[in-house]
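Biologist: Before I plan anything around this protein, could you take me through its fold and its side-chain pairs, with the cut-offs behind each term?

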Amino acid sequence: MKSDLFSSENMVQPATAPGMTLQNTKSIKYAVNGEMHARQGSMIAFRGNLQFERKGQGLGGMLKRAVTGEGLPLMAVRGQGEAWFAHEAANCFIVDMEQGDVLTVNGRNVLCFDPTLAYEIKTVKGAGITGGGLFNSVFSGYGKLGLICEGHPIVIPVTAQQPVYVDTDAVVGWSAQLSTSLHRSQSIGSMIRGGSGEAVQLMLQGEGFVIVRPSELKPEKASAN
């Protein structure tokens with residue numbers, strides 16, 4: 001049987017080492033030798049001797065809360081084998097974190113991660129109910145973190161001289177040392193007249209970066225989370 005379908009670009013190769021790699025732009029492959037963690041329901045295929053355990057409430061330090069503020073349940077994957085993860089054909093990226101790195105990520109953008117990463121759910125400072133009551137997943141330690149993004153992400157440097165203002169529905173994550181607060185870009189008069197639809201943003205200040213996606217969260221997907 002012959003087809004472009006069977007090209008080396010699409011054909012899976014045996015893993016050469018345990019851990020996370022990009023299978024392609026839309027999926028992540030994880031060679032499991034022990035344990036790893038992933039977004040519940042994101043496994044699209046696996047081979048080997050693997051068990052998948054739902055973490056509804058979470059047990060232990062890193063998974064003491066297995067549900068983010070975005071309503072994202074996690075699962076533990078244990079055993080020896082290979083598993084592939086994806087979510088709605090979103091683009092996949094791997095962040096290689098080193099000791100001392102801290103990254104805050106919107107829960108809806110988390111796909112999978114190494115068990116060596118410490119994980120905690122925190123309220124975004126300065127973002128109250130009017131900012132969507134934001135809860136983000138804060139990752140620290142060392143290991144790899146698999147992220148998903150609808151479209152190609154935009155990474156914007158933040159400096160002390162130039163804070164960045166982001167739509168709360170478009171933000172993916174930012175370096176955790178940045179300070180956050182709500183910024184109102186519309187006057188009260190403009191809001192009374194109907195406004196522009198861009199009334200409140202999250203302001204990030206300090207030294208670091210922010211990652212945004214080129215679209216806002218669709219209402220039907222927001223309600224489905």
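The questions and answers below go from the whole chain to the sheet, the rings and the charged side chains.

Biologist: What kind of model is this, and from which number does the residue numbering start in each chain?

Modeller: This is a predicted model, in which local features need pLDDT of at least 70 and side-chain atom pairs count only at pLDDT 80 or more, while totals for chains, interfaces and linings use all residues. Side-chain values use heavy atoms, with hydrogens and water left out, and residues are numbered along each chain, as its sequence is written, from 1.

Biologist: How many helices and how many strands does the chain have?

Modeller: Both kinds of element are DSSP runs numbered from the N terminus, a helix being H or I over at least four residues and a strand being E over at least two. Counted in that way, the chain has 16 strands and two helices.

Biologist: What percentage of the residues in the chain is buried?

Modeller: A residue is called buried under 20% relative accessible area, exposed over 50%, and partly exposed in between, with a 1.4 Å probe and protein chains only. Among the 225 residues of the chain, the buried share is 41%.

Biologist: What share of the contacts with a separation of 6 or more comes from residues 24 or more positions apart?

Modeller: A contact here means heavy atoms within 4.5 Å. Of the contacts in the chain with a separation of 6 or more, the share from residues 24 or more positions apart is 77%.

Biologist: In which order do the six strands of the open sheet lie?

Modeller: Two strands are taken to pair if DSSP finds at least two bridges between them, and the pairing in this open sheet is antiparallel. Its edge strands, each pairing on one side only, are E8 (117-123) and E11 (154-158). The order of the six strands is E8-E9-E6-E13-E16-E11.

Biologist: Which residue in E9 stands opposite threonine 104?

Modeller: Strand E6 (residues 102-106) and strand E9 (residues 135-141) run antiparallel and are joined by five bridges. Opposite threonine 104 in E9 stands valine 138.

Biologist: Which residue in E16 is the bridge partner of valine 171?

Modeller: Strand E16 (residues 208-212) pairs with E11 in the antiparallel sense over five bridges, and there isoleucine 156 stands opposite valine 210. Strand E13 (residues 171-175) also runs antiparallel to E16, with three bridges joining them. The partner of valine 171 in E16 is valine 212.

Biologist: Which residues do ring pairs link into a cluster?

Modeller: Rings of Phe, Tyr and Trp (its six-membered ring) pair if their centres lie within 6.5 Å, and planes under 30 degrees apart count as stacked, over 60 as edge-to-face and the rest as tilted. Phenylalanine 113 and tyrosine 119 form a stacked pair, 5.6 Å centre to centre with 20° between the planes, whereas tyrosine 119 and phenylalanine 139 have centres 5.1 Å apart and planes at 50°, so that pair is tilted. The cluster linked by these ring pairs is Phe113, Tyr119 and Phe139.

Biologist: Is phenylalanine 139 buried or exposed?

Modeller: Phenylalanine 139 lies in strand E9 and tyrosine 119 in strand E8, 20 residues apart. Tyrosine 119 has 5% relative accessibility and counts as buried, and phenylalanine 113, at 0%, is buried. With a relative accessibility of 0%, phenylalanine 139 likewise counts as buried.

Biologist: Which residues are linked in a network of salt bridges?

Modeller: A salt bridge requires a side-chain nitrogen of Lys or Arg within 4 Å of a carboxyl oxygen of Asp or Glu, and by this rule the count is five. Lysine 29 forms one with glutamate 82, their closest N and O atoms being 3.0 Å apart, and arginine 47 meets glutamate 82 in another at 2.5 Å, N to O. The network therefore links Lys29, Arg47 and Glu82.

Biologist: Is arginine 47 buried or partly exposed?

Modeller: Lysine 29, at 6% relative accessibility, counts as buried, and glutamate 82, at 10%, is buried. Arginine 47 lies in strand E3 (residues 43-55) and glutamate 82 in strand E4, so their pair ties together parts 35 residues apart in sequence. At 40% relative accessibility, arginine 47 counts as partly exposed.

Biologist: Which residue meets arginine 78 in a salt bridge?

Modeller: Arginine 78 lies in strand E4 and is paired with a residue of strand E2, 43 residues apart. Arginine 78 is partly exposed at 28%, and its partner is partly exposed at 30%. At 3.2 Å, N to O, that partner is glutamate 35.
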